[in-house]
Amino acid sequence: MTLPPAHHRRRPTRTRRHPGVRSGGELTLGERAADRLRNGMGSWTFVFTALVFLAGWMVGNRGTGFDPYPFILLNLILSCLAAMQGAILLIAARRADQISSEMAAHDYAADTDSEELIGEVRALVRCIHRQVGAAEPSAADFGPVTQRVQQARSDSAAQAAAGQAPTG
């Protein structure tokens, strides 16, 4: 069996979700409603639907309709809609902040775990170098060092110079 060329292969349509962000059944009813309203009211479909509704209202009431020309009822409806949209936008902004916070917390935890694993790998590399009789690798051999690692090294060096046992 031969595979079609790479540019003809279909990609899966499933979207991947961030593992640190709650979704679906993990959300409260209010959070799900805020997401749906944000996605609905922030779309071109909503804009075009609103334009069609306004044009239809004006055309339908141009002569002797139930809301003649200054369209007082339409103005009332639009004012109420604007007030609700303001509240919905605030809810959506708060929800976006919550999502960003969840992602930042997950990313920080992942970075911390990675730094610990990298430290263990570096220790193993040094151990292997000692066992095979090779020269100890320098810090430059391991590539760039994060600020947190540099701070930890300088803290432990300062403690060693003061005659204290390192704490980390």
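A residue is called buried here when its relative accessible area is under 20%. In this predicted model, buried residues account for 10% of the 168 residues in the protein chain. The chain contains four helices and zero strands, so a walk along the sequence meets the pattern α-α-α-α. Contacts offer another view of the fold: among those between residues at least 6 apart in sequence, 42% link residues at least 24 apart.

Helix α3 is a good place to start looking. This helix runs over residues 72-132 and has 61 residues. From first C-alpha to last, α3 reaches 88 Å, close to the 90 Å expected at 1.5 Å a residue. With the cut-off above, the buried residues of α3 are L74, I88, A92, R95, E102 and R122. In general, an α-helix has 3.6 residues a turn, so residues three or four places apart point the same way. Just after α3 comes G133, with a positive phi of about 80°.

The partner considered next is helix α2, which spans residues 44-60. The axes of α2 and α3 come within 11 Å and cross at roughly 165°. Angles over 145 degrees count as roughly antiparallel, and α2 and α3 are therefore roughly antiparallel to each other. Their crossing is right-handed. On the α2 side, F46, F53, L54, W57 and M58 take part in the contact, meeting L73, L74, I77, L78 and Q85 of α3. Sorted by class, this contact of α2 with α3 has nine nonpolar residues, one polar residue and no charged ones. L74 thus appears twice in the picture, listed among the buried residues of α3 and among the α3 residues that meet α2.

Technical notes
Residues are numbered from 1 along each chain as its sequence is written. This is a predicted model: local features need pLDDT of at least 70, side-chain atom pairs count only at pLDDT 80 or more; totals for chains, interfaces and linings use all residues. Side-chain values use heavy atoms; hydrogens and water are left out. Axes are lines fitted to C-alpha atoms, for helices over the stretch in contact, and angles run from 0 to 180 degrees between N-to-C directions. Helices (H or I, at least four residues) and strands (E, at least two) are DSSP runs, numbered from the N terminus. Angles under 35 degrees count as roughly parallel, over 145 as roughly antiparallel, 65 to 115 as roughly perpendicular and the rest as oblique. A crossing is left-handed if the near helix is turned anticlockwise from the far one by less than a right angle, and right-handed if clockwise. Contact means heavy atoms within 4.5 Å. Ala, Val, Leu, Ile, Met, Phe, Trp, Tyr, Cys and Pro count as nonpolar, Asp, Glu, Lys and Arg as charged, and the others, Gly among them, as polar. The expected span of a helix is 1.5 Å times one less than its number of residues. Buried means under 20% relative accessible area, exposed over 50%, partly exposed in between (1.4 Å probe, protein chains only).
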